[in-house]
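Grab a pencil and work through these exercises with the model open beside you. Each one sets a task and then walks through a solution.

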Amino acid sequence: MDDKIKTLRDWIAGSGNIVFFGGAGVSTESGIPDFRSVDGLYNQQWRYPPETILSATFFERDPEEYYRFHHAKLVVDGAKPNRAHLRLSELEREGKLRAVVTQNIDGLHQAAGSKNVLELHGSILRAYCTRCRAPYPAEKMNHCEGVPRCPECGGIVRPDIVLYEEMLDQDVLQKAVRYIRGAEVLIVGGTSLGVYPAAGLINYYEGDKLALVNLSDTPYDRYANLVIHEKIGEVFSQV
Ligand code: OAD
């Protein structure tokens, strides 16, 4: 076994206070594309860049185009948790992992059995009416034709995700800060660490066991105590 993976395995074996912080790269091995890799969503041709489509202004102005993107790209039918999701949920059950902090909106950590999941950017598995705020079945929103409408008031339904230009839920953010600040081992994985405020959460970590597991370089590599540039599912299957 690779020395670095062995170090991570030893850190995990020796700790009862691990926190995981991840992003889209955690789900690529489940068949869900990330945003910034060469085959990621931001490198595919759309009428507008996905960062624009995923903004609050755009959603208001052109919900049809938003939902065309949502149905074609955000909803991936049949995606199943991979070895990273599964091992993380196992570590929680073993009493070693305190929380998963994720930027993902796919619900795969919960599908793997993780209970304490802090969703910084919300989830496409929840939906509500933008006018009367009534909840709406996410399954219906994710699989309808065109723009879903509220049966109560006719308002446009939206996913419970954080669009660009919107604030993160302060309660979720504060909880994430608390877990990360108090962690003995912080494992950060599958994120380019380029989107704020989420990426800045790393700065709250005060320990000396920061492991970064990501295929490509990140701006935080030089601050980490351990950097592993490999597929996260493969790494987690060995720890
Ligand atoms: P990115 O697409 O920016 O970064 C994903 C990272 O995961 C890249 O650095 C890849 O190299 C890496 N990666 C891909 N597959 C991997 C694998 N199998 N193992 C290890 N690493 C892998 O995604 P995020 O950092 O999550 O926001 O992006 C942050 C936010 O930007 C998203 O939450 C989304 C997006 O716009 C909103 O929608 C608000």
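**Exercise 1. Find how S4 and S6 pair, and place S4 in its sheet.**

Step 1. S4 and S6 pair in the antiparallel sense, over 5 bridges. Before going on, a word on the ground rules: this is a predicted model, where local features need pLDDT of at least 70 and side-chain atom pairs count only at pLDDT 80 or more, while totals for chains, interfaces and linings use all residues. Residues are numbered from 1 along each chain as its sequence is written, and side-chain values use heavy atoms, with hydrogens and water left out.

Step 2. What counts as a strand or a pair here? Strands (E, at least two residues) and helices (H or I, at least four) are DSSP runs, numbered from the N terminus, and two strands pair if DSSP finds at least two bridges between them.

Step 3. Look for one bridge of the S4 and S6 pair: Gly122 has Ile161 in S6 as its bridge partner.

Step 4. Now the other neighbour. Strand S4 (residues 122-129) also pairs with S5 in the antiparallel sense, over 2 bridges, and there Tyr128 stands opposite Pro135.

Step 5. Put it together: the order is S5-S4-S6, an open sheet of 3 strands with antiparallel pairing. Strand S5 (135-136) and strand S6 (157-161) are the edge strands, each pairing on one side only.

Step 6. Check the turn. The hairpin of S4 and S5 has 5 residues between the strands, and Arg133 takes a positive phi near 70° in that hairpin.

**Exercise 2. Decide why S4 counts as largely enclosed.**

Step 1. Get the cut-offs straight: buried means under 20% relative accessible area, exposed means over 50%, and partly exposed is in between (1.4 Å probe, protein chains only).

Step 2. Count: 6 of the 8 residues of S4 are buried, so the rest of the structure largely encloses this strand.

**Exercise 3. Trace the parallel pairings around S7.**

Step 1. Start with S7 itself. All of strand S7 (residues 185-189), 5 residues of 5, is buried, so the rest of the structure largely encloses S7.

Step 2. Which residues cover each face? On one side you'll find Val185, Ile187 and Gly189, and on the other Leu186 and Val188, all of them buried.

Step 3. Strand S1 (residues 18-22) pairs with S7 in the parallel sense over 5 bridges. Val19 has Leu186 in S7 as its bridge partner.

Step 4. S7 also pairs with strand S8 (residues 210-213), again in the parallel sense, over 4 bridges. Here Leu186 stands opposite Leu210, and Gly189 stands opposite Val213.

Step 5. Turn to the side chains of S8: Leu210 and Leu212 point one way, Ala211 and Val213 the other way, and all are buried.

Step 6. Go one strand on. S8 and strand S9 (residues 226-228) run parallel and are joined by 3 bridges, with Val227 in S9 as the bridge partner of Leu212.

**Exercise 4. Check whether three loop residues are buried or exposed.**

Step 1. Ser55 sits in the loop between helix H2 (50-53) and helix H3 (56-61). Its relative accessibility is 6%, so Ser55 counts as buried. Measure along and across: Ser55 and Val162 are 107 residues apart in sequence, yet 8.7 Å apart in space, C-alpha to C-alpha.

Step 2. Asn104 lies in the loop between S2 and H6. With 7% relative accessibility, Asn104 counts as buried too. The Asn104 side chain reaches the backbone nitrogen of Ala24 at 2.9 Å.

Step 3. Ile105 belongs to the loop between strand S2 (97-102) and helix H6 (108-111). At 17% relative accessibility, Ile105 is buried as well. The C-alpha atoms of Ile105 and Pro159 are 9.8 Å apart, with their positions 54 residues apart along the chain.

**Exercise 5. Describe the surroundings of the ligand.**

Step 1. How many residues surround the ligand? There are 24 (a residue is near if one of its heavy atoms lies within 4 Å), and the closest are Phe35, Arg36, Tyr42, Tyr164 and Ser192.

Step 2. List some N or O atom distances. A polar side-chain atom of Thr28 lies 2.8 Å from a ligand nitrogen atom, a backbone N or O atom of Phe35 lies 2.7 Å from a ligand oxygen atom, and a polar backbone atom of Leu215 is 3.1 Å from a ligand nitrogen atom.

Step 3. See how covered the ligand is: the protein covers 95% of the 790 Å² of accessible area that the ligand has on its own (Shrake-Rupley method, 1.4 Å probe).

Methods:
A polar contact is a pair of N or O atoms within 3.5 Å; within protein, one must be able to donate a hydrogen and the other to accept it, and residues adjacent in sequence count only if both atoms are side-chain atoms.
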